[in-house]
Amino acid sequence: MGPQSTPDLSTSPSPLSLSTVAVVGLGTMGTGIAEVLARAGREVIGIDTDEAAARHAVTTLEAATARAVQRERITERERQDILARFRTFTDLQAAADADLVIEVVPEDYELKRQVFAELDAVVRPDTILATGTNALSVTRLAADSQRPERVLGVHFFNPAPAMKLVEVVSSVLTAPTAVAAVTELAHDLGKDPIAVGDRPGFVADGLLFGYLNQAAAMYEAKYATREDIDASMRLGCGLPMGPLALLDLIGVDTARTVLEAMYAESQDRLHAPAPILGQLAEAGLTGRKAGRGFYTYDAPGSGTAVPDAESPAAADELAGGRTVTGVGVAGSGTMASGIAEVFAKAGFKVVLAARSLEKAEKAKARIAKSLGRSVDKGRMSAEARDTALAAITPAGSLDAFADVDLAVEAVAEDLAVKQELFKTLDKVCKPGAVLATTTSSLPVVACARATSRPEDVIGMHFFNPAPAMKLVEVVRTVLTADDVHATVRAVCTKVRKHPVDCGDRAGFIVNALLFPYLNNAIKMVEEHYATLDDIDAAMKLGGGYPMGPFELLDVVGLDVSLAIEKVLHAEFRDPGLAPAPLLEHLVAAGCLGRKTGRGFREYARR
């Protein structure tokens, strides 16, 4: 049918019925979308010019539904019904009777434009055309179509059967009825749709790919190993995958395409693809699908990484280290008491020093409560609790650190305060004692220079809550001695933490990757692109984040977040790292997050 009979979608009944759906492009994503649709009772027309891809899609659906029967999630009769609803073809003419067509061909504008042009000549006037792009302009595709009001974006996440998020993308040309129909379909599929406007990356990928790009740049600069970067974000932020492993899963070439589109619009240097992405893509090292990317895999398409030239050699963590039996922890807050608890449970003798003996005893009482909860939950015995508590000696002065082998400061995040403390440790601690700071944002070398033995000073950045979080960032300065570094890594292993090595620069690994992502989320709200709730939902459902960015900001504290953003901006001088004005305004207004009852959201006061 020609375009002359196109109905006015903006006034037609809502929502439209979408019982037959064509999926064009039967790669991993297209096959996954087809499975979701067939399982939900839709008639699915799978189209791919490659007969092998079409056959593979059928085989994949057969295998997935067989597993579902085996796990008793569906019956064999239901499986046969699902398989009967999925038919494959190699010609776009097969889409003639579709109510909705979802295009999932490779991220190439000319290819997508050609598909849409051919569909214009094939489908009914009331058929909705959806593109699965996450990088290219939906508006441009719509404008090049004969009926732009029925063109929109529908962005599923991989793997489509498992991931709950669907971004429904409308351009200024899209009829509201089309958006409503696709949104209702997404709900019927058991998905959580969010409505977004047309810009590269939309919400989830718009935030995710900037973070992935910075991780690639961090690796390229040899600031940290690929293993340490990935472990840091998994263990420090609770993410299901590290960024470099995720780039391999997504495809290095795909990531580069998305970033190029984002940079073309934003001109933000944080979106300019890291050169290594181009180098890997040009070499054909595109990730799992090629068998090699940032990691090496046992076969193309496999997710099993195998050792290669970059894999860390097994080493004896104790080699060349100093003996540590006694540990001093300076501070009386949550972090200090948590760190003291970690050391005591691991069998170290701990001196917990605060500004007064009363404060130190209160900190020990906090540890006793924490250990008591562990006993109540069956995580440790009462005897182990008593042994750990007996290993902690509260003190009202740093003079009690005279015999410790390792002194760990966990006082306020104020450089002047820390430098004064290190001057005192320099006088009090015995020769050969390792002096560590738990700073998350201040230069470790500035603390080291406050002493007469900077070679003994190192960073040990624990994460809150210290007893639960497995990660410790081990921060070497240019002055730190090798045996001090070896000592701290060995100690981390003994207290059952995962050490990652990084240099002494703002943010280390985790905060340098986390806080620009949080800042970019705030900018999305400032630009009225998406709501707090939609952004939080997008990152939890589409990115597997344990918390959305605004939930996390309110937990961390907006004042703390602003301070870290300022440190990152001052260190790297990148305009894209400048704190979002909305963050500064909220802090100026005293809205600091959960601790004040109001941040990005309001909370009931306790």
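Guide: A cavity is a set of grid points where a 1.4 Å probe fits but cannot get out, and its volume is the space filled by probe spheres set on the points. With that in hand, let us look at this predicted model. The largest cavity has a volume of about 50 Å³, and the count of cavities of 30 Å³ or more comes to one.

Visitor: Which residues line the largest cavity?

Guide: The lining is made of Leu-100, Ile-102, Val-154, Phe-156, Val-166, Val-182, Leu-185, Ala-186 and Leu-189. Lining residues are those with an atom within 4 Å of a point. Strand 4 (100–103), strand 6 (151–156) and helix 6 (176–188) are the elements that give two or more residues. Helix 6 contributes the most to the lining, with three residues.

Visitor: Now to the rings. What makes the pair of Phe-343 and Phe-348 edge-to-face?

Guide: Two values decide it. The ring centres are 5.6 Å apart, which falls within the limit of 6.5 Å for a pair. Their planes stand at 85 degrees, over the 60 that edge-to-face requires, so the pair earns that name. It is one of five aromatic pairs in the structure.

Visitor: Why is the pair of Phe-343 and Phe-462 called edge-to-face?

Guide: The reasoning runs along similar lines. With centres 6.2 Å apart, the rings of Phe-343 and Phe-462 pair within 6.5 Å, and planes at 65 degrees are over 60, so this pair is edge-to-face. It also links distant parts of the chain: Phe-343 belongs to helix 12 (residues 334–345) and Phe-462 to strand 16 (residues 457–462), 119 residues apart. Phe-343, Phe-348 and Phe-462 form one aromatic cluster. Phe-343 and Phe-348 are buried, and Phe-462 is buried as well.

Visitor: How do you know that the charged end of Lys-494 sits over the ring of Phe-348?

Guide: The charged end of Lys-494 is 4.8 Å from the centre of the Phe-348 ring, and the limit is 6 Å, together with a position within 35 degrees of the ring normal. Elsewhere, Arg-140 lies over the face of Tyr-109, at 3.7 Å from the ring centre.

Visitor: Why does Tyr-295 count as buried?

Guide: Buried means under 20% relative accessible area, and Tyr-295 has 12%, so it qualifies. Tyr-295 lies in the loop between helix 11 and strand 9. Beyond its neighbours within four places in sequence, Tyr-295 touches Arg-226, Glu-227, Asp-230, Leu-244, Ala-245, Asp-248, Ala-305 and Asp-308.

Visitor: What makes Asp-426 buried?

Guide: Its relative accessible area is 17%, under the 20% cut-off, so Asp-426 is buried. Asp-426 sits in helix 15 (residues 415–428). Setting aside neighbours within four places in sequence, the contacts of Asp-426 are Thr-451, Ser-452 and Arg-453.

Visitor: And His-528: is it buried or exposed, and how do you know?

Guide: At 71%, His-528 is over the 50% that marks exposed, so it is exposed. Its place is the loop between helix 18 and helix 19 (532–543). His-528 also has a positive phi of about 60 degrees, although it is not a glycine. Arg-573 is another non-glycine residue with a positive phi, near 55 degrees. With 64% relative accessibility, Arg-573 passes the 50% mark and therefore counts as exposed.

Visitor: Why is helix 9 described as largely enclosed by the rest of the structure?

Guide: Of the eight residues in helix 9 (residues 243–250), six are buried, so the helix is largely enclosed. The buried ones are Pro-243, Leu-244, Ala-245, Leu-246, Leu-247 and Asp-248. Among the elements covering them are helix 7 (204–220), helix 8 (226–237) and helix 10 (252–266). Just after helix 9, Gly-251 has a positive phi of about 110 degrees.

Visitor: Which residues touch the most other members of the largest nonpolar core?

Guide: This core has 104 residues, and Val-203, Tyr-211, Phe-294, Phe-401, Leu-425, Ile-535 and Phe-550 touch the most other members. Helix 18 (residues 510–526) gives the most to this core, with eleven residues. A second, separate core of 37 residues includes Ala-340, Phe-348, Ile-458 and Met-460.

Visitor: What makes the bond from Asn-158 to Pro-159 cis?

Guide: Omega is near 0 degrees for that peptide bond. Pro-159 is in the loop between strand 6 and strand 7 (165–170). Asn-464 and Pro-465 are also joined by a cis peptide bond, with omega about 0 degrees.

Notes: Residues numbered from 1 in each chain as written. Predicted model: local features only at pLDDT ≥ 70, side-chain atom pairs only at ≥ 80, totals over all residues. Heavy atoms only, no water. Phe/Tyr/Trp six-rings, centres within 6.5 Å; stacked < 30°, edge-to-face > 60°. Buried < 20%, exposed > 50% of the residue type's maximum accessible area, 1.4 Å probe, protein only. Helix = DSSP H or I, 4+ residues; strand = E, 2+ residues; numbered from the N terminus. Contact = heavy atoms within 4.5 Å. Core = buried A, V, L, I, M, F, W, Y, C linked by side-chain atoms within 4.5 Å. 1 Å grid on protein atoms, 1.4 Å probe; cavity = no way out; pocket = protein on both sides within 12 Å on 5 of 7 lines; lining within 4 Å.
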